[in-house]
Amino acid sequence: MKIIVPMAGRGSRLRPHTLTVPKPLIPVAGKSIVHRLVEDIAKILKEPIEEVAFILGDEAFFGDDVVASLEDLAKGLGAKASIYRQDQPLGTGHAIMCAKESLSGPAVIAYADTLIRADFELDPEADAVIWVKQVDEPEAFGVVKLNQNNEIVELVEKPKEFVSDLAVIGIYYFKEVGVLRNELQNVLDNNIQNGGEYQINDGIKAMMANGKVFKTGSVDEWMDCGNKDVTVETNTRMLGFLHNDGEHLVDYGVTLENSTIIPPCYIGENVVLKNTTIGPNVSLGNGCHVTDSTIKNSLVQTYSKIKNANLDNAMIGNHVSYDGKFTSISIGDYAVLE
C-alpha cells in the first residue's frame, strides 16, 4: 500500500502562521497535521505501508528541514519516502500527477489539511473508495450521489439543490491508482480544466464512466485546519480524543512554579510555567515559557515566551515574545508584542 500526500499549497487562510511554516507542518496537539494524518491513515488501513509520496511546493518554502521531517515520518512507518515538487499551483489533478512515478498499485491519496478519526474495513469489491462525512450544510461542500447499491455515481460541487449530505473530505483509496494516473494524463493532455486548474474529480469521473465501482468510506470525525479558528477548535477536539485514549500528553520534565495544568493539555519538552494556569484545551510546544498568565482553548507552538496574558481561542507561532492583555489573537512566528 502507498500513501500519496499532496501538500504544495502555502495555506493562505492560516496566515500569518503559514508565511514561515507550511500549513501541513503546523502542530495540532503536539504533532504536525501531516504527521497525524499519515499515521492515522496507516492505522486505519491495517496494512504495511511501502511508500509515502509527498508532493511539495518550491524548495524555498518546503526546504531541506521539511524534507527531513517527512522522510522521518515515512521511516517511522517502515516505508520509503518519495519527494516530488509541484512548482505551479495548477490544481489537485496536476499535483497528483507530479508524483506519477509512484502512481501504481493500491494507494490512498490524502490532502494534508484535514484530520480524521475512523475505524473501518475497505470494501474489497470496490475499485475505489471516497471517504465522506455526513454534514448539516451540504451546499457548502462537494458531495457524492449514490445509487440503490450505495455506489457513487456522481460528484457534485456545492449543490444549490439537495443531492446528498455526504461531503467529500479529500481522502481517496484506489485499488489500482495507475488507472487514475492514466485518466489524469488524459486530462492534462486534453487541457481539461475547471476554474483554470486540473482537478482530480475529472479523473474520477472518467473512471466512473468506464465502469469502475466507487464506494464510500465514512469517518467518525472530520477536523479541518483551514483557518485559525477551526485549527484551534481541531486542537481542542484532538486533545479530547487523545486524553480519552489514555495518551500521556504532558512531558514529565515540565517546570511548575505556583502553576496549574487543567487537562486535557499537551505540554512539550522544557516548558516552564510560573504563576500560571494552563487549560483546558491548550497545546504548548517545546521550550515555551509562560509567566503570570491564564491560557485556555489555545495553541502555542515552540520556544515562545508569554507573560501577563489572559488568552482564550488564541493561536501563537514559534519564537514569539508576547506581553499583553489581548485575548483572541493570532500571532505568527518571531513576532514581538511588549
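**Second largest pocket and two loop residues**

Me: By class, which residues are in the lining of the second largest pocket?
Reply: The lining has 20 nonpolar, 14 polar and 13 charged residues. Here Ala, Val, Leu, Ile, Met, Phe, Trp, Tyr, Cys and Pro count as nonpolar, Asp, Glu, Lys and Arg as charged, and the others, Gly among them, as polar. A pocket is an open set of points on a 1 Å grid over the protein atoms alone, where a 1.4 Å probe fits, with protein on both sides within 12 Å along at least five of seven lines; lining residues have an atom within 4 Å of a point.

Me: What kind of model is this?
Reply: The model is predicted; local features need pLDDT of at least 70 and side-chain atom pairs pLDDT 80 or more, while totals for chains, interfaces and linings use all residues. Residues are numbered from 1 along each chain as its sequence is written, and side-chain values use heavy atoms, without hydrogens and water.

Me: Turning to N281, is it buried or exposed?
Reply: N281 counts as buried, because its relative accessibility is 14% (buried is under 20% relative accessible area, exposed over 50%, partly exposed in between, with a 1.4 Å probe and protein chains only).

Me: And which side chain does the N281 side chain join in a polar contact?
Reply: That of N297, at 3.0 Å. A polar contact is a pair of N or O atoms within 3.5 Å; within protein, one must be able to donate a hydrogen and the other to accept it, and residues adjacent in sequence count only if both atoms are side-chain atoms.

Me: What about V163, buried or partly exposed?
Reply: V163 is partly exposed, at 29% relative accessible area.

Me: How far apart are V163 and G285 in space?
Reply: They are 43 Å apart, C-alpha to C-alpha, and 122 residues apart in sequence.
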